[in-house]
Structures are given as C-alpha cells and as structure tokens.
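Trainee: I have a new model open and I would like to learn how to read it. Could we go through some features together?
Mentor: Gladly, let us bring it up.

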Amino acid sequence: EGWSSPGGGLSKAGRRLEGEPRPTERTRGSEILFGIAPCSLALSQSRRGLFRLFLKQSSGSQRLVMSEFVLQATARGVPVHHVRRRELDALCRGRVHQGVCLEATPLHFKSLEEAEKPDLGDEESPNRQLIWLVLEQIQDPMNMGALLRSAYFLGVDRVVTSQRNSCPLTPTVSKASSGAMEVFDVYSTDDLRSFLKAKAAEGWEIVGTVSKPEAVENVPVVSCLEFQWNKPIIIVIGSEGDGLSLETQLLCHRMLAIPPGRALHPGIESLNVSVATGILLHSICSQKLRQSD
C-alpha cells in the first residue's frame, strides 16, 4: 500500500491519486479497536463487520504474534495493512494498541427482548443458581470494561445495564475488558426498576450493594462473607459517584457490604466500583462453584 511502504516513496498526493484511504480515514460507521486481545477475539467471532486490520511493522519477538493475526485476518477475508507505529497511534488516538488496530462496526447492547428466557429448572437442578449482574449508570469506560472482565471470568450468566447515563460499548471498554466484551453479550433496559420488579415477581432475589451499611434504611444489610443463596439472584451495582439510587435500593431484598480489614481513615472508606464488584462476585460465585462440584 502506498502509505505503508517501508520507504515511504509515494507522496501524499500520489497516494490520494491511487485512491487508497489514509490509515486515519475510516469507513463510515466504523470504529477502531485496539490491543491484541480485543482485536484477536473480534476476528475470531462473527459479531462485528470487519473492514481492515492494521499491524505494526515489526521484527523480533512480535513477529510471531503478527503472523498469527495475518492468518486470522486472511481466514476472514479482512485486508491487512502493515504500518508504522505513529500511524497506529493516530488511528487509536494515542491509546495503548500493542501494535494492532482493527477497523470494525461497533457492538451495541442487546435488548432484553432478544434474550432467551433462562431455564430455572426444577427444585433439585443446579441451573436454579443463576446469577445476573445489573449495572445502574456506570459511566466510566475503564470501570465498565473491568466489570465485564470480572463478570465473564467469574461465571456471571448475564449482564444488564441501564440505558440512561451508562457508558456505551466502546473500543476503550473492550480493551479494559481484555476482549471479554467481544465474546460476552451485554443487555440493556430503558426501565431498570420495572425490570427488577418483574424479576422479583418471577422469584429472583434482588441484591444491592452498599459501601456504608448505615446509609441504607428499610433494607437488611449483610456482609458478603455471610451471604448465602439458593435461588436465582440479581446483583445490582450503582454508579461510581452516587452508588445505587434510592428507588433501586428500595427494590432490593438485601444489601451486600464488604467488611474492611482495618479501621479506615476518612476519605478512603470505599473501593473502586470494579474492584468492589470483583470481590463481591468472587464471594458469591464461589458458592455456585462449590455446589456444582
């Protein structure tokens, strides 16, 4: 390609005359994925439309990784362009790309109407121990990605977000999720409270999360170390700044708290939302694993 030739012999005007788009010129409606895990997983799945793969001109230790990308892209019929690092930097606006960018169509939340209804099974069936994670107004893409990564790793059956004031499924989210977003469906609802009421009526337990137990009224608070469950549950995580809204708290049957390991100084009395969720999910999902052994 004119703009990717090692010698850079063609002028910009010559490149334009040949009709080749510059690396920074994208197909309408596309976005740029970046990073080894997101790009590799996006190539291996059939969830996105794929346009072009951009690889850093490399030698040495990265050559094998890049060769594997070429094989993946060739199998999917995706054109491969070998470019300089600065061109990759421009494509993903200076983010950490690890030498790989992929132009593709965006991923979007799925509607709950598209979801298959889970089989709760009979009284003795381990399938009754389903766990869903609900995210209320998570706005930071790094937190969203980390939450999806933990949910996927720890065995959460489904993730549902509120549509309002929630981070979309961007390339930054995919990178922060280490590519989990590429293989794990994420659903959304425009009426979170009606959704929770409906699941409660179906027999699900709605479990909220709180950093300060004294801040919750009319809902029992239990340590995650003491929490036990034997029915399908929904864990509801609140926004980074405000936590769960009062309306959502009042729909919860119980609230979970993480006991600190020491007396805490004022101002550092809580955990990052993705870290706290990882701790809570591990505590809860480990019960599911023990029962399935």
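Mentor: Let us start with Q249, which sits in helix α8, residues 246–249. Keep in mind that this is a predicted model.

Trainee: Is Q249 buried or exposed?

Mentor: The idea is to look at the relative accessible area, where under 20% means buried. Q249 has a value of 15%, so Q249 is buried.

Trainee: Which residues is Q249 in contact with, leaving aside its neighbours within four places in sequence?

Mentor: With that filter, the contacts of Q249 are V216, V219, L244 and M255.

Trainee: How do I read a residue in a strand?

Mentor: In a similar way: find the element, then the accessibility, then the partners. Take S188, in strand β8, which covers residues 186–189. Its relative accessible area is 8%, so S188 is buried too.

Trainee: Which side chain does the side chain of S188 make a polar contact with?

Mentor: That of Q163, at 3.5 Å. Q163 also appears among the contacts of S188 beyond four places in sequence, together with F109, K110, S111, L112, V160 and T161.

Trainee: Now two helices. What describes the way they pack?

Mentor: Two packed helices are described by the angle between their axes and the distance between the axes. Here, look at helix α2, residues 36–44, and helix α3, residues 63–76. Their angle is about 25°, and the axes are 9 Å apart.

Trainee: What does that angle tell me about the directions of α2 and α3?

Mentor: Angles under 35 degrees count as roughly parallel, and therefore α2 and α3 are roughly parallel to each other. Their crossing is left-handed.

Trainee: Which residues of α2 and α3 meet there?

Mentor: On the α2 side you find I36, C39, S40, A42, L43 and S44. Facing them from α3 are V65, F69, Q72, A73 and R76. Sorted by kind, the residues of this contact are seven nonpolar, three polar and one charged.

Trainee: How can I see that residues separated along the chain come together in space?

Mentor: Compare the separation in sequence with the distance between C-alpha atoms. K56 and R85 are 29 residues apart along the chain, and their C-alpha atoms are separated by 5.8 Å. K56 lies in strand β2, residues 50–56. Its relative accessibility is 22%, so K56 counts as partly exposed.

Trainee: What is K56 in contact with, leaving aside its neighbours within four places in sequence?

Mentor: R85 is one of its contacts, and the others are M66, V83, L88 and G99.

Trainee: May I see another pair?

Mentor: Try P171 in helix α6. Between the C-alpha atoms of P171 and P106 there are 8.3 Å, while the two residues are 65 residues apart along the chain. P171 counts as buried, because its relative accessibility is 13%. Not counting residues up to four places away in sequence, P171 touches E31, I32, L33 and F34.

Trainee: And an exposed residue?

Mentor: K197, in helix α7 (residues 192–201), will do. Over 50% means exposed, and K197 has 51% relative accessibility, so it counts as exposed. K197 and C252 are 55 residues apart in sequence and 9.4 Å apart in space, C-alpha to C-alpha.

Trainee: What should I look for in the backbone angles?

Mentor: One thing to look for is the sign of phi. Q98 has a positive phi of about 60° although it is not a glycine.

Trainee: Where does Q98 lie?

Mentor: In the loop between α4 (85–91) and β4 (100–104). With 36% relative accessibility, Q98 counts as partly exposed. S178 is another case: its phi is positive, about 55°, and it is not a glycine. You will find S178 in the loop between α6 and β8. Its relative accessible area of 30% is why S178 is called partly exposed.

Trainee: To finish, how many helices and strands does the chain have?

Mentor: There are nine helices and 12 strands. Of the 293 residues of the chain, 45% count as buried.

Trainee: What about contacts across the whole chain?

Mentor: Take the contacts between residues at least 6 apart in sequence: 84% of them join residues at least 24 apart.

Key
Residues numbered from 1 in each chain as written. Predicted model: local features only at pLDDT ≥ 70, side-chain atom pairs only at ≥ 80, totals over all residues. Heavy atoms only, no water. Axes fitted to C-alpha atoms, helices over the stretch in contact; angles between N-to-C directions. Helix = DSSP H or I, 4+ residues; strand = E, 2+ residues; numbered from the N terminus. Parallel < 35°, antiparallel > 145°, perpendicular 65-115°, else oblique. Left-handed = near helix turned anticlockwise from the far one by under 90°. Contact = heavy atoms within 4.5 Å. Nonpolar A, V, L, I, M, F, W, Y, C, P; charged D, E, K, R; others polar. Buried < 20%, exposed > 50% of the residue type's maximum accessible area, 1.4 Å probe, protein only. Polar contact = N/O pair within 3.5 Å; in protein donor to acceptor, adjacent residues only side chain to side chain.
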